[in-house]
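User: Hi! Could you take me through one small part of this chain up close? I'd like to see how a turn sits between its strands.

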Amino acid sequence: MKNKLFKDIFKKGDILIAVVLIVAVVLTAVFATRTEESFVEIYVDGHLAYQLDLDADIVVDLADTIHKIDLVVEVKDGMVKVTESNCPDKLCVHSSAVSSAGGMIICLPNKVVVKVTPKEVDAIS
Ligand SMILES: [Zn+2]
C-alpha cells in the first residue's frame, strides 16, 4: 500500500517535471523570438538617415532645415515611436509604437519612414 502511494506520487512528480520542461522550452522559444535583434531604420526623403539598435534606448531629433522636418523618434524598451512632429496631420505621432520587424511608421508630409528590420543580412537583396 505504501509502495503504491509512493509510485503515485512519483508519477505525479514525473508529470510535473514534464510540464516544467515543456513550459521552459516554450518560454525559451518565446524569449528567443522576442529578443531577435532588429534595426530601426529612419529614412528621410527616401534616403537612409539613421540605423539604430532596437534594443538600445535612444531619442533621435530629426531636425532638418532643408526638408523643414522637425520630428523626434524615440527607441525605448525595444519599441520605436514618433513622439513629436511638425507635420499637420500628426498621423505619425498617433501611430502605435512598433516593436517587431516589418513594422513601420510613416510621416507622409515629412517624407519620413521609420522601419524595423531584422538584423540578419538578406543575401538575395
Ligand atoms: Zn507626421
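Analyst: Here's a walk from the whole chain down to one turn and a single residue in it. Keep in mind that this is a predicted model.

For some background, the chain has two helices and seven strands, and along the sequence they follow the pattern α-β-β-β-β-β-α-β-β. Of the 125 residues, 16% are buried.

Let's zoom in on strand β6, which covers residues 104-107. In a regular strand, side chains alternate between the two faces of the sheet. In β6, Ile105 and Cys107 make up the covered face, while Met104 and Ile106 are on the uncovered one.

β6 has a partner, strand β7 (residues 112-118): the two run antiparallel and are joined by four bridges. Look for Cys107 and you'll find Val112 of β7 standing opposite. Together β6 and β7 form a hairpin, with four residues between them.

Now for the turn itself. Lys111 sits in the loop between β6 and β7, and its phi is positive, at about 55°. Is Lys111 buried, exposed or something in between? Lys111 has 15 other C-beta atoms within 10 Å, so it counts as partly exposed; being buried would take 20 or more, and being exposed 12 or fewer.

What does Lys111 touch, if you skip its neighbours within four places in sequence? Its contacts are then Val44, Asp45 and His67. Take His67: it is 44 residues from Lys111 in sequence, yet their C-alpha atoms are 8.9 Å apart in space. Across the chain, 32% of the contacts between residues at least 6 apart in sequence join residues at least 24 apart.

Conventions. Residues are numbered from 1 along each chain as its sequence is written. This is a predicted model: local features need pLDDT of at least 70, side-chain atom pairs count only at pLDDT 80 or more; totals for chains, interfaces and linings use all residues. Two strands pair if DSSP finds at least two bridges between them. Two residues are in contact if their C-beta atoms, placed from the backbone, lie within 7 Å.
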